[in-house]
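Colleague: I should like to go through this model with you and ask, point by point, how each description is justified. Please set each value against its criterion.

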Amino acid sequence: MAELESLETAAEHERILREIESTDTACIGPTLRSVYDGEEHGRFMEKLEARIRNHDREIEKMCNFHYQGFVDSITELLKVRGEAQKLKNQVTDTNRKLQNEGKELIIAMEELKQCRLQQRNISATVDKLTLCLPVLEMYSKLREQMKSKRHYPALKTLEHLEHTYLPQVSHYRFCKIMVDNIPKLREEIKEVSMSDLKDFLESIRKHSDKIGETAMKQAQQQRNLDNIVSQHPRISGGKKSKKEVCASSDLEVKNTSPMSEQDSGILDVEDEDEDEEVPGAQDLVDFSPVYRCLHIYSVLGARETFENYYRKQRRKQARLVLQPPSNMHETLDGYRKYFNQIVGFFVVEDHILHTTQGLVNRAYIDELWEMALSKTIAALRTHSSYCSDPSLVLDLKNLIVLFADTLQGYGFPVNQLFDMLLEIQDQYSETLLKKWSGVFRNILDSDNYSPIPVTNEEVYKKIVGQFPFQDAELEKQPFPKKFPFSEFVPKVYNQIKEFIYACLKFSEDLHLSSTEVDDMIRKSTNLLLTRTLSNCLQNVIKRKNVGLTELVQIIINTTHLEKSCKFLEEFITNITNVLPETVHTTKLYGTTTFKDARHAAEEEIYTNLNQKIDQFLQLADYDWMAMEPGSKASDYLVDLIGFLRSTFAVFTHLPGDVDVHSTMSGKVAQTACMSACKHLSTSLMQLLLEAEVRQLTLGALQQFNLDVEECER
C-alpha cells in the first residue's frame, strides 16, 4: 500500500514539473499552490533540483558544440574594424577639404540669407504696425476718456475697440492683454458711474428739504394766482399753470443728454426774494448722473441690476424721510421741514418717472406713496395730539393743505390727508374750547355785574355796534343813561363771533361744501355754548361770594344773550350762505344754555334768601314761659323784614326796558317772595314744634302771634 502511494506521488510531481516547464511564469501560482497543499513538498524539491541539474548539463553540451563558430565570427569582426578605420580617415580628410573649399560660399550665403530675412521682417513689421496702430490709438483714447471721467464715451470707445479693431490683431500678446483687460474696464466704468449715482442720491437726500420747499412755494404761488383769477375773472393768462411750469422744466432737463460730460448733483441756488419768480423744483437738480448710469448699465446688459439698486436705495431714503423728529410738534418749522423733505422726495421720483423709460414705474411710485401716506398720517396724528395751541393747529392745517395741494399737483391722491384734517378739526375745536373757556372765565371774573353806564352818543353807538340791542325807550332817554346788561354781555357775544370766525378759518381750503362748513361751525358753536360757556356761567353762579344783586344781573344778562341767539344764527348764515331752513342744518342750542343759566341763577337767589332767613331765625330767642307779651314784634323779625324789603327793592328798581322789568324782574321777585314767605312760615312753625319746647304760656303765644302779624303786614 505504501509503495502504491509513493508511485502516485512521483507521478503527480512529474506532472507538476512538466506544467512548470510549459506554463507562463505569470500563471505558475496555482501549480505551486498544489505542491504546498500536499505533504510531500520536500521530495518535490529534490526532484526539482535534479531536473535543474539535467537542464544545466544540456546547456553546457550545446555551448561546447557551437564554440568554434563563435571564435571565427570574432576574427572576422576584427578584420572589418581595421577596414572601417581606414574608411573613416578617408571620409574625414575629404570633409576637411570640402569645408575649406566652401567656407567663403557659406559666408556669402549667410549674408544673403540675413538680408532677405531682414527685408521680409521689415515688410511684415510695416504691415503689422499698420494694423496695430489704430488699436493702440483707440486704446489710448479709451484711457484718456477714462482719466477725464467721460464714462459714456469711454464705453462706446470700448465697444468699438472690442468688436472692430481687436479681432484684426487678436493673435498678438498685447491684444490678448487688452482683451483680458476689457471686462475690468467695463467693471471700472460701472463702479465709477455707480459712485456718481451714490453721490447724486446722497445729494438728493440732503437737498430734499430745499427741493420740497421750492415745490411748495410754487404750489402757493399757483394757489394765490387761482384766487386772484377767481376774484377777477377778466384777468387771464400772463402766468403759466402748474402743469405748464412742470412741463417746461421737464423739457429743460430732457435737454441734458445722458452723454453729458459733466458729473454733478444739486445745483446751488440762492434764496429768492418772495417777489421774484420761484425756480422750478426740477431746476435745482442735475439728473445727468442718473441718466448716464442708467444708459451705461443698459449698454452693459445690467439694467435690471441698476433699477433694483436705485429702487432699493430710494426706498431706504423714503423710510428715513418719513421718520419724523421727536420734537416735531413743538414748532411749525418742525412740521414744515418734515413736509418739505417728503415733497422733495416725491418731486424727484415723479421727474424720474417722466424722464426715464422704466427706471421707476407708476406701480412703484404708488407703492411708495401708499407707504408715505400711511406713515405721514400716523406721525401727524401722534404729534398733533400733543398740540394745545389753536393757532399752531390752524397753521399746521394750512401747512397740511399746502402739502396736499402740492403733491396733488404731481398726480398723487391726497384724499386721506383731507380726511385726517377732519379728525384734526375735532382736536382744533377742543383746543378752541379750552382757550375760550379761559377767555370766558376772564370776562366773567372781571365783570362788575352792574348796568353799563353811557355818557354820550359815541359810546352808545359803539356798544350797540358790538351787541344787537334795540330799545326805543332807552334811546329817548337823555344822557347819561344805562344799558340793562353789564359789560360781559357784549364781550361774550363778540367772543362767540370770534370763535365762529376761528372755526371758519379751519374750514377754508378743505374742499368742503357750504353745507358741511355750516354744519361744522354750528356743531362747534353748540359745544361752545352748551359746554364751555354754560360751565363758566354755572361756576360764577355757584361761587360762595356771589351776591343777590350779581345774580339778578346774571339773569338779566342771560336773557339778553338768549335773545341774541337769532342774530348768531343770521351771522353764521351770512358767512356760510346756507339758509337755516335747509333740511340738514344744525340748530344752535344757545337758548337752552342761557335758560339753564338763568334758572340756575334764580334757584341760587331762592337758596340764598332762605339761607339769610335761617341766619336771622337763629337769632330768635323766645321766652316760652313769659307771662306777658311784648309791646312790639321781636327785634330779629323786624330786622329780617327790613332785609327782605331792601332785597325786593333791588328787584323792583332794576334798570332796563319795560319788558324786562315787567316780566323777568317781576316774575323773579314774585317767586322769590313766595319762596321766602313759605320758608319763613315753615321755619316759624318748626320753632313751635321743637322738641325742646315742652310747655309755653299765653303771653309767649301772644308774642309769637305779634311776630306772625308783622310778617303778614
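Modeller: Let me begin with helix α9, bearing in mind that the model is predicted. Helix α9 covers residues 332-355, and its 24 residues should span 34 Å at 1.5 Å a residue. The end C-alpha atoms are 34 Å apart, so the span agrees with the expectation.

Colleague: How many residues of α9 are buried?

Modeller: In α9, 19 of the 24 residues are buried, and the helix is thus described as mostly covered. For the chain, 41% of the 713 residues count as buried.

Colleague: What makes the spans of α15 and α18 close to those expected?

Modeller: Helix α15, residues 488-507, has 20 residues and is expected to span 28 Å at 1.5 Å a residue; from first C-alpha to last it reaches 29 Å. Helix α18, residues 565-576, has 12 residues and reaches 17 Å, against an expected 16 Å. The buried residues of α18 are C565, L568, E569, F571, I572, T573 and T576.

Colleague: Which residues with a positive phi come after these two helices?

Modeller: Just after α15, D509 has a positive phi of about 65°. After α18 comes N577, with a positive phi near 60°. Such values deserve mention because most residues other than glycine have a negative phi.

Colleague: What is the phi of Y449, and why is this residue called buried?

Modeller: The phi of Y449 is near 50°, a positive value in a residue other than glycine. Y449 is found in the loop between α12 and β1 (453-454). Its relative accessibility is 4%, and the cut-off for buried is under 20%. Y449 therefore counts as buried.

Colleague: Why is T431 called buried, and what does it touch?

Modeller: T431 has a place in helix α12, residues 415-446. Its relative accessible area is 6%, so T431 meets the criterion for a buried residue. Leaving out residues up to four places away in sequence, T431 touches C387, S388 and P390.

Colleague: Why is C293 called buried?

Modeller: The relative accessible area of C293 is 0%, and the residue is therefore buried. C293 lies in helix α7, residues 288-299. Apart from neighbours within four places in sequence, C293 is in contact with S193, M194, L197 and F306. C293 and V192 are 101 residues apart in sequence, with their C-alpha atoms 9.1 Å apart in space.

Colleague: What share of the contacts in the chain with a separation of 6 or more comes from residues 24 or more positions apart?

Modeller: Residues 24 or more positions apart account for 79% of those contacts.

Colleague: Why is L696 called partly exposed?

Modeller: L696 has a relative accessible area of 32%. Buried requires under 20% and exposed over 50%, with partly exposed in between. The value for L696 falls in that middle class, so the residue is partly exposed. L696 lies in the loop between α21 and α22. L696 and A626 are 70 residues apart in sequence and 8.0 Å apart in space, C-alpha to C-alpha.

Colleague: Where is the peptide bond from F479 to P480, and is it cis or trans?

Modeller: The bond from F479 to P480 is cis, with omega near -5°. P480 lies in the loop between α14 (472-476) and β2 (481-482).

Colleague: What is the volume of the second largest pocket, and which residues are the closest to its centre?

Modeller: The second largest pocket has a volume of about 330 Å³. It is lined by 15 residues, of which I641, L644, C677, L680 and C711 are the closest to its centre. The elements giving two or more residues to this lining are α20 (635-652), α21 (658-688) and α22 (698-712). Among the elements, α21 gives the most to the lining, with 6 residues.

Colleague: How do the residues of that lining divide into nonpolar, polar and charged?

Modeller: The lining of the second largest pocket has 10 nonpolar residues, 1 polar and 4 charged. Cys counts as nonpolar.

Colleague: How many helices and strands has the chain, and what area does the chain expose?

Modeller: The chain has 22 helices and 2 strands. It exposes about 41,800 Å², and carbon and sulfur atoms supply 53% of that area.

Terms used: Residues numbered from 1 in each chain as written. Predicted model: local features only at pLDDT ≥ 70, side-chain atom pairs only at ≥ 80, totals over all residues. Heavy atoms only, no water. Helix = DSSP H or I, 4+ residues; strand = E, 2+ residues; numbered from the N terminus. Buried < 20%, exposed > 50% of the residue type's maximum accessible area, 1.4 Å probe, protein only. Contact = heavy atoms within 4.5 Å. Areas by Shrake-Rupley, 256 points an atom, 1.4 Å probe, with all protein chains shown as cover. 1 Å grid on protein atoms, 1.4 Å probe; cavity = no way out; pocket = protein on both sides within 12 Å on 5 of 7 lines; lining within 4 Å. Points joined across faces, edges and corners; volume = space filled by probe spheres on them. Expected span 1.5 Å × (residues − 1).
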